[in-house]
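Work through the following exercises with the structure open beside you, and try each task before you read its solution.

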Amino acid sequence: AVTLNEITRKHRETLAKKKTKKSKKMSKKPFTYVGIHARLTDHVNYEKARRIVPVKPSYFLEAMDKYRQEFDNTLFIFVSDDIEYGRRNLYPRVKAGDLYFAGEGRTYEADS
């Protein structure tokens with residue numbers, strides 16, 4: 001499983017490689033970590049049974065924008081029982097480069 005230390009190191013390296021002063025300055029500042037938990041596999045049946053409309057990717061993306069406005073140097077950590085959902089629906093639409101994935105979505109493994 002990916003750890004916050006690994007994510008932080010990777011993000012600092014990415015920022016340091018950029019040529020702008022702002023990126024280099026941000027790479028040295030502390031990060032605000034925001035977890036995104038998306039329970040998607042078993043919760044879908046729960047929602048259908050109660051006629052609850054599932055959230056769309058735009059829900060997560062809008063929330064991320066609000067957190068970026070509220071906090072400096074934000075890193076988003078996506079955790080889910082369906083990690084591919086995030087990779088498929090969120091990652092291509094996040095241009096800030098601040099979305100990372102933790103866990104493998106294998107709920108039967110303690111380390112995932």
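**Exercise 1. Determine how the strands of this predicted model are arranged, beginning with E1 and E2.**

Solution. Begin with the pair E1 and E2, which run parallel and are joined by seven bridges. To locate one of these positions, find Thr 32, whose bridge partner in E2 is Thr 74. Next, widen the view to the whole sheet, which is open and consists of three strands in the order E1-E2-E3, with parallel pairing. The edge strands are therefore E1 and E3, because a strand counts as paired with another if at least two bridges are found between them, and each of these two pairs on one side only. Finally, look along the sheet from one strand to the next, where the twist averages 30°.

**Exercise 2. Find which strands H4 touches as it packs on the sheet, and state the angle between its direction and that of E2.**

Solution. Follow H4 across the sheet, where it touches E1, E2 and E3. Then compare directions: that of H4 makes about 150° with that of E2.

**Exercise 3. Identify which residues of the largest nonpolar core touch the most other members, and which elements give two or more residues to this core.**

Solution. The core has 15 residues, and those touching the most other members are Ile 36, Phe 60, Met 64, Phe 76, Phe 78, Leu 90 and Leu 99. Two or more residues come from each of strand E1 (32–38), helix H4 (57–70), strand E2 (74–80), helix H5 (83–89) and strand E3 (99–101). Now take Ile 36 as an example: leaving aside neighbours within four places in sequence, its contacts include Phe 60, Met 64, Phe 76 and Leu 99. As a last step, look for a second, separate core of eight residues, among them Met 26, Phe 31, Ile 77 and Ala 102.

Terms used
Residues numbered from 1 in each chain as written. Predicted model: local features only at pLDDT ≥ 70, side-chain atom pairs only at ≥ 80, totals over all residues. Heavy atoms only, no water. Core = buried A, V, L, I, M, F, W, Y, C linked by side-chain atoms within 4.5 Å. Buried < 20%, exposed > 50% of the residue type's maximum accessible area, 1.4 Å probe, protein only. Helix = DSSP H or I, 4+ residues; strand = E, 2+ residues; numbered from the N terminus. Contact = heavy atoms within 4.5 Å. Axes fitted to C-alpha atoms, helices over the stretch in contact; angles between N-to-C directions.
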